[in-house]
Amino acid sequence: MDGTNDGDKPTTPSGGDDFDAQAAARMLAQTKRDANRQFTLGPPWYTVSMGAVILIGYGALWLSVRGQHPYTGPSLLTIGLVYAVVIASIAVGATVHRRTTAGIAGPSVLLNQLEGIAMLVSFLGSPVLQGALKHYGASNAIVYGVIPAAGPLIVVGTTALGIAASKANWPQFGAALVAVAGGVVAAFTGPIDAWLTAGIAMFAAVAVYAVTTGKLLNRG
């Protein structure tokens, strides 16, 4: 009678462990790609179009103050129209983002919501500075020119820069870095040209984000 032998037992191919590791790596890469797509505001062309809208808006502000001597700042009508267009663009982007993340829950979603709140709070930095400078008698060129044009890029940009660095989100980091640099330049270009400089910087930041995000998704 033949005894038991190991040949009756199912055997695992020698490369089984390697195969499992490769399958796990592919699954992890796919999950990462899916997450990147879900948390991207939209296709690169749409993101760039939002940047173009912002550039046109800031261009309108720049045109509204050209030739002002003394400087009084953009008219309330121009500010209202530009801000309405920008807010509408942001709202559309938020809607697209919400649709792409529908049904997704977990710590990452909560973290994104908290980061959004932090960004909204940082937007208050520029108006607060404007009010304080106006209270202390600063000129219109500072209160209604340099601060509202350059301030948001620096204050909000540094907030976004910190958030991006903490998450190693390099597309967002690069875009925020461009925005902050543009804000610094705008602060020294004068109350009139600061508007145009800020608009160009914001468009450049959005374009950098769109291009780098698109490359990462295509690479995945």
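**Two buried polar side chains and the packing of helices H6 and H7**

With a relative accessibility of 18%, Gln130 falls under the 20% limit and therefore counts as buried in this predicted model. The residue is part of helix H5, which spans residues 125–135. A polar atom of the Gln130 side chain is placed 2.7 Å from the backbone oxygen of Val143, and Val143 also appears, together with Tyr144, Ile147 and Pro148, among the residues that Gln130 contacts once its neighbours within four places in sequence are set aside.

A further buried residue is Ser122, which belongs to helix H4 (residues 107–122) and is assigned to this class because its relative accessibility is 11%. When neighbours within four places in sequence are left out, Ser122 is in contact with Val155, Val156 and Thr159.

The arrangement of two helices was then examined. Helix H6, formed by residues 140–167, packs with helix H7, formed by residues 170–186, at an angle of about 155°, and the two axes lie 8 Å apart. As this angle is over 145 degrees, H6 is therefore described as roughly antiparallel to H7, and the crossing of H6 with H7 is left-handed. On the side of H6, the contact includes Ala150, Leu153, Ile154 and Gly157, while the residues supplied by H7 include Gln172, Phe173, Ala176 and Leu177. Sorted by class, the contact of H6 with H7 comprises 15 nonpolar and five polar residues, with no charged residues.

Technical notes
Residues numbered from 1 in each chain as written. Predicted model: local features only at pLDDT ≥ 70, side-chain atom pairs only at ≥ 80, totals over all residues. Heavy atoms only, no water. Helix = DSSP H or I, 4+ residues; strand = E, 2+ residues; numbered from the N terminus. Buried < 20%, exposed > 50% of the residue type's maximum accessible area, 1.4 Å probe, protein only. Polar contact = N/O pair within 3.5 Å; in protein donor to acceptor, adjacent residues only side chain to side chain. Contact = heavy atoms within 4.5 Å. Axes fitted to C-alpha atoms, helices over the stretch in contact; angles between N-to-C directions. Parallel < 35°, antiparallel > 145°, perpendicular 65-115°, else oblique. Left-handed = near helix turned anticlockwise from the far one by under 90°. Nonpolar A, V, L, I, M, F, W, Y, C, P; charged D, E, K, R; others polar.
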